[in-house]
Amino acid sequence: MEFDTIAAISTPMGEGAIAIVRLSGDEAVQIADKIFKSPNNKKLDEQPTHTIHYGHLIDPKTEEVVEEVMVSLMRGPKTFTREDVIEINCHGGIVSVNRVLQLVLKNGARLAEPGEFTKRAFLNGRIDLSQAEAVMDLIRAKTDRAMNVALGQMDGKLSKLINQLRQALLETLAQVEVNIDYPEYDDVEEMTVPIMLEKCSWVRDEIEKLLQTSSQGKILREGLSTVILGRPNVGKSSLLNSLVQENKAIVTDVAGTTRDIIEEYVNVRGVPLRLVDTAGIRETEDIVERIGVERSRQVLKEADLILLVLNSAEELSQEDERLFETIENMDFIVVVNKTDLPQKIDLDRVKELAGNRRIVTTSLLQEEGVRELEEAIAALFFEGKIESDDLTYVSNARHIALLHQAQSTIADAIDAAESGVPVDMVQIDVTRTWELLGEIVGDTVQESLINQLFSQFCLGK
Ligand code: GDP
Ligand code: ZN
């Protein structure tokens with residue numbers, strides 16, 4: 001495939017001091033040579049691939065020195081896009097980086113659209129669609145663990161598994177072909193059905209396993225939506241503060257927005273907690289008062305986890321009991337706070353109300369019990385499942401939807417085969433499953449979807 005040369009500012013994650021302008025395309029090296037001057041006047045075009053060169057950028061029109069830079073030269077196909085890639089490293093500063101970008105654009109490159117580098121990697125066959133989507137996840141990852149999942153997917157872990165499943169389906173389809181081509185062999189059908197059933201069942205089980213990881217995958221991606229609930233003065237703000245302090249807050253933006261719900265992320269043992277309505281807790285102390293009964297019910301309903309805070313130094317009130325009723329069917333952890341004060345709360349009654357949920361006692365004032373609470377949160381999240389970075393998590397909503405569809409078409413295939421429907425009829429469901437799985441890796445997707453997916457990317461990726 002042939003593409004024009006694109007350019008964008010693409011600064012690596014977590015680094016502020018150095019900024020990179022990246023070029024990709026057939027003319028990337030020529031464009032760089034128009035503006036780059038090394039101390040020994042050597043042309044980049046004559047240099048070996050995957051080398052770094054020190055020098056200056058000079059505007060060919062004015063002969064003015066624009067910037068002192070390091071230029072990385074990487075020829076395709078051993079690059080992310082499979083095209084020739086030039087990376088110009090300059091000293092941070094939005095002004096100087098922009099100047100470099102403008103210079104590159106004036107000399108023949110075109111400004112890249114969001115996601116266009118990744119799109120090229122996909123179109124040039126360097127990565128498949130699920131890997132491309134992982135690049136996007138990586139940019140948005142909120143914890144190391146989420147990042148590892150994205151990295152695994154980028155590495156092709158999910159693609160590999162999906163391709164194995166598709167291969168198995170293809171083999172059963174081949175069996176059916178044999179059956180249709182040689183109908184005179186009566187025993188072919190008898191042989192085909194068990195093999196088909198075995199392969200299809202395996203595919204079904206693997207799809208099921210993948211879907212089981214999806215709730216965890218989704219949480220890793222989006223955060224465990226968490227609400228801190230409790231009467232005034234029990235210690236909600238204190239809990240929020242110690243969670244935020246002990247665990248580096250991940251995002252604290254949304255300043256100046258008019259949204260009535262504010263979110264804050266904290267990283268609890270690799271589980272990103274999305275603390276909902278932290279402003280409500282901080283400002284008015286009362287989520288209901290602040291956003292209204294209806295809205296707060298909605299917030300509670302959407303929560304993955306409730307931390308219900310009680311005051312150990314007071315008797316359980318009717319209001320406490322009502323809160324238990326409200327969250328009856330949800331995942332919650334009870335935090336009995338202020339254990340440094342003389343105990344008045346009836347712990348047996350709390351246990352009754354909590355059912356099988358964890359109860360953690362804390363003294364937030366004396367910074368006690370927060371570790372136990374964090375352990376309880378992590379345990380709840382992993383629910384005894386293997387806490388492994390090796391697991392192939394499915395986290396992408398598009399993938400999950402496709403897997404659900406594939407799960408139902410493969411189940412149809414198995415049902416049909418078991419009930420003695422002719423194998424060439426079963427073939428239809430198997431083929432459909434094969435196509436659905438293909439959409440995950442981008443084998444069978446439409447161009448419009450590809451464009452839509454890549455437009456969600458950040459600029460410069
Ligand atoms: P909120 O109204 O539920 O947000 O409660 P706050 O976090 O604002 O706490 C109310 C009061 O209880 C504050 O004066 C806190 O310092 C105090 N407090 C919080 N946790 C503890 C604790 O573990 N022990 C004691 N003795 N006081 C606490
Ligand atoms: Zn408070």
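This is a short talk on the fold of one protein chain, from its overall make-up down to a few single residues.

Before anything else, please keep in mind that what we have in front of us is a predicted model. The protein has 461 residues, of which 39% are buried, and its secondary structure consists of 18 helices and 13 strands. If we take the contacts in the protein with a separation of 6 or more, we find that 67% of them join residues that are 24 or more positions apart.

Let me begin with the strands, and in particular with β4, which covers residues 51–58 and pairs in the antiparallel sense with β3, residues 36–37, over 2 bridges. Within that pairing, Phe36 has Leu57 of β4 as its bridge partner. Strand β4 also pairs with β5, residues 65–74, again in the antiparallel sense, and here there are 8 bridges. One of the facing pairs is Thr51, which stands opposite Leu73 in β5. The two strands β4 and β5 form a hairpin with 6 residues between them, and in the turn you will find Glu63, whose phi is positive, at about 60 degrees.

Staying in this part of the chain, look at His50, which sits in the loop between β3 and β4. Its phi is near 55 degrees, which is a positive value in a residue other than glycine. Is His50 buried or exposed? His50 counts as exposed, because it has 12 C-beta neighbours inside 10 Å, and 12 or fewer is the cut-off for that class.

Asn233 makes a useful companion to this example, since it too is not a glycine and has a positive phi, of about 80 degrees. You can find Asn233 in the loop between β8, residues 224–229, and α9, residues 236–246, and with 12 other C-beta atoms within 10 Å it is exposed.

A further backbone detail comes after the hairpin, where the peptide bond from Gly76 to Pro77 is cis, with omega near 5 degrees. Pro77 belongs to the loop between β5 and β6, the latter being residues 85–91.

Now to the helices, and to one pair that I would like you to trace on the model. Helix α16 covers residues 397–418 and helix α17 covers residues 423–441, and their axes come within 8 Å and cross at roughly 165 degrees. How, then, should we describe their relative direction? An angle over 145 degrees counts as roughly antiparallel, and therefore α16 and α17 are roughly antiparallel to each other. Their crossing is left-handed. The contact is made by residues of both helices, including Leu402, Ala406, Ile410 and Ala413 of α16, and Val426, Val430, Thr433 and Leu437 of α17.

Finally, I come to the record: the unreviewed UniProt entry lists Arg22, Glu87, Arg126 and Lys461 under "binding site", and we should bear in mind that such annotations may be inferred rather than shown by experiment. I will follow Arg126, which lies in the loop between α3, residues 116–123, and α4, residues 129–140. Arg126 has 19 other C-beta atoms within 10 Å and is therefore partly exposed, given that a residue needs 20 or more to be called buried. Which residues does Arg126 touch, leaving aside those up to four places away in sequence? They are Phe80, Thr81, Arg82 and Ala121.

Definitions and conventions
Residues numbered from 1 in each chain as written. Chains lettered and ligands numbered in written order. Predicted model: local features only at pLDDT ≥ 70, side-chain atom pairs only at ≥ 80, totals over all residues. Pairing = 2+ DSSP bridges. Helix = DSSP H or I, 4+ residues; strand = E, 2+ residues; numbered from the N terminus. Contact = placed C-beta atoms within 7 Å. Axes fitted to C-alpha atoms, helices over the stretch in contact; angles between N-to-C directions. Parallel < 35°, antiparallel > 145°, perpendicular 65-115°, else oblique. Left-handed = near helix turned anticlockwise from the far one by under 90°.
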